[in-house]
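Work through the exercises below with the structure open. Each task is followed by a solution in steps.

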Amino acid sequence: MDTEEKLQQVISVLDQLTEDTSVPRNIRRGASECKVKLLNRKEALDVRTAGAIYVMDDLANDPNIPLHGRTLIWNIISQLEQVKQ
């Protein structure tokens, strides 16, 4: 799987998280922000992924996030780390 496919897969999962109404609004907003970061082609790929990982890590530590949302975020972080390499 090439980098672009991995990135599209991450964006698809971010869309799922953004549309999940059982997840708090600030988490959905953060997921949307990450999607915008990742789609910004003006920055280098490693800068985009590092910024998205930073935001996702911050969201994963939110005490109000449900368990399934936290698991999704951890999966996103894992996929982004693979894209970065």
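**Exercise 1.** Classify Asp 15 as buried, partly exposed or exposed.

Solution. The model is a predicted one. The relative accessible area of Asp 15 is 24%. Buried requires a value under 20%, and exposed a value over 50%. Asp 15 therefore counts as partly exposed.

**Exercise 2.** Find the salt-bridge partner of Asp 15 and state where the two residues lie.

Solution. Step one is the partner: Asp 15 forms a salt bridge with Lys 35, and the closest N and O atoms are 2.8 Å apart. The cut-off for such a pair is 4 Å. Step two is the location: Asp 15 belongs to helix α1 and Lys 35 to helix α2, with their positions 20 residues apart in the count, so that the pair links distant parts of the chain. Step three is the accessibility of the partner: Lys 35 has 26% relative accessibility and counts as partly exposed.**Exercise 3.** How many salt bridges does the structure hold, and which residues form the one that includes Arg 41?

Solution. The structure holds two salt bridges. In one of them, the side chains of Glu 4 and Arg 41 meet, with an N to O distance of 2.9 Å. Glu 4 is in helix α1 (residues 3-19), whereas Arg 41 is in the loop between α2 (25-39) and α3 (45-60). The two residues are 37 residues apart, and the pair links distant parts of the chain. Glu 4 has a relative accessible area of 33% and is partly exposed. Arg 41, at 48%, is also partly exposed. As a general point, side chains of opposite charge can pair when their charged atoms come close.

**Exercise 4.** Describe the secondary structure of the protein and the order of its elements.

Solution. The protein has four helices and zero strands. Along the sequence the pattern reads α-α-α-α.

**Exercise 5.** Which radius of gyration does the protein have, and what would a compact globule of 85 residues have?

Solution. For 85 residues, a compact globule would have a radius of gyration near 12 Å. The protein has 12 Å, which agrees with that value. The C-alpha trace spans about 30 × 25 × 20 Å along its principal axes.

**Exercise 6.** Give the buried share of the residues, the accessible surface and the share of contacts that join residues at least 24 apart.

Solution. Of the 85 residues, 39% are buried. The accessible surface comes to about 5100 Å², and carbon and sulfur atoms account for 48% of that surface. Among contacts between residues at least 6 apart in sequence, 60% join residues at least 24 apart.

**Exercise 7.** How far apart are the mean positions of the positive and negative charges of the protein?

Solution. The protein has 11 positive and 13 negative charges. Their mean positions are 4 Å apart.

Conventions:
Residues are numbered from 1 along each chain as its sequence is written. This is a predicted model: local features need pLDDT of at least 70, side-chain atom pairs count only at pLDDT 80 or more; totals for chains, interfaces and linings use all residues. Side-chain values use heavy atoms; hydrogens and water are left out. The radius of gyration is taken over C-alpha atoms; the globule rule is 2.2 Å times the number of residues to the power 0.38. Buried means under 20% relative accessible area, exposed over 50%, partly exposed in between (1.4 Å probe, protein chains only). Contact means heavy atoms within 4.5 Å. Accessible areas come from the Shrake-Rupley method with a 1.4 Å probe; for residues, only the protein chains shown count as cover. Lys and Arg count as positive and Asp and Glu as negative; His and the chain ends are not counted. The place of a charge is taken as NZ of Lys, CZ of Arg, CG of Asp or CD of Glu.
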